[in-house]
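Visitor: Could you walk me through some of the labels used for this protein model? I would like to hear the reasoning behind each one.

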Amino acid sequence: MKSFLKKYRILLAATLLLAIFLCIRNFPGLPHAGTSQSFDAFVDQLFEDEVTANTMNYHYTGLAGALKNPKSAGIQTSEARLGSFSYASQKDALSKIEDLQKQLSSYKTRSLDAQGKLTHALLTDSLARQQAIAQYPLYEEVLTPSSGVTSQLPVLLAEYPFYCTQDVEDYLTLLSQMEDYFADILEYEEKKEV
């Protein structure tokens, strides 16, 4: 499941998922030992997929202090990309959510420790909500004045922090992708008219 700018309609759910994951991973009251290793690997891979879905996800998670050095966390970053907001990518989100739900349901909660059970419950709820929304790929209002791309993206770009030279290069690459990104949005909006 690609989020944020690539899957803008799942932005809030994906952001919530990342926040929940980071809180659970770092909450000292819940022991990490004893959780099924395969479930841990699944959750770690889900986290990596979400963070690296696009450069904004990765960069703003790093801003939160979780990934100042992604390589030390075993996360491989790729070239800077803004993402896509096409009708096809919106339709594709449903199958990705369903695949994640199948994988998640294969883990039995009785074999998980307290942290694993909480993570499982939160992911199950989040994916169910995302699936309900994904049934309507043309429902999203991408260009609303207060919470749409046209108001959120400029703020994100204005607050984009630069920690190193690579951040500047990534930022310029993202700017170069704006025309294609908004062309996808235009195509998406035109699809609603049909």
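Guide: Gladly; we will take aromatic pairs to begin with, then burial and a surface patch. Please keep in mind that this is a predicted model.

Visitor: How many aromatic pairs turn up in the whole structure?

Guide: The search finds 7.

Visitor: Why is the pair of Phe-42 and Tyr-107 called tilted?

Guide: Their ring centres are 5.5 Å apart, and pairing requires centres within 6.5 Å. The planes meet at 35 degrees, whereas stacked needs under 30 degrees and edge-to-face over 60, so the pair is tilted. Phe-42 sits in helix H2, Tyr-107 in the loop between helix H4 and helix H5, and the two are 65 residues apart. Both Phe-42 and Tyr-107 are buried, and together with Phe-39 they form one aromatic cluster.

Visitor: What makes Phe-162 and Tyr-171 an edge-to-face pair?

Guide: Their planes are 80 degrees apart, and edge-to-face means over 60. The centre-to-centre distance is 5.2 Å.

Visitor: How do you know whether Tyr-171 is buried or exposed?

Guide: Its relative accessible area is 17%, and buried means under 20%, so Tyr-171 is buried. Its partner Phe-162 has 43%, which falls between 20% and 50%, so Phe-162 counts as partly exposed.

Visitor: And why is Leu-172 called exposed?

Guide: Leu-172, in helix H7, has a relative accessible area of 53%. The cut-off for exposed is over 50%, so Leu-172 is exposed.

Visitor: Which residues make the nonpolar surface patch of about 350 Å²?

Guide: That patch is made by Phe-162, Val-168, Leu-172 and Leu-175.

Conventions: Residues numbered from 1 in each chain as written. Predicted model: local features only at pLDDT ≥ 70, side-chain atom pairs only at ≥ 80, totals over all residues. Heavy atoms only, no water. Phe/Tyr/Trp six-rings, centres within 6.5 Å; stacked < 30°, edge-to-face > 60°. Helix = DSSP H or I, 4+ residues; strand = E, 2+ residues; numbered from the N terminus. Buried < 20%, exposed > 50% of the residue type's maximum accessible area, 1.4 Å probe, protein only. Patch = residues over 30% accessible without salt bridge, like charges linked within 9 Å, V, L, I, M, F, W, Y side chains within 5 Å. Areas by Shrake-Rupley, 256 points an atom, 1.4 Å probe, with all protein chains shown as cover. Salt bridge = Lys/Arg side-chain N within 4 Å of Asp/Glu carboxyl O.
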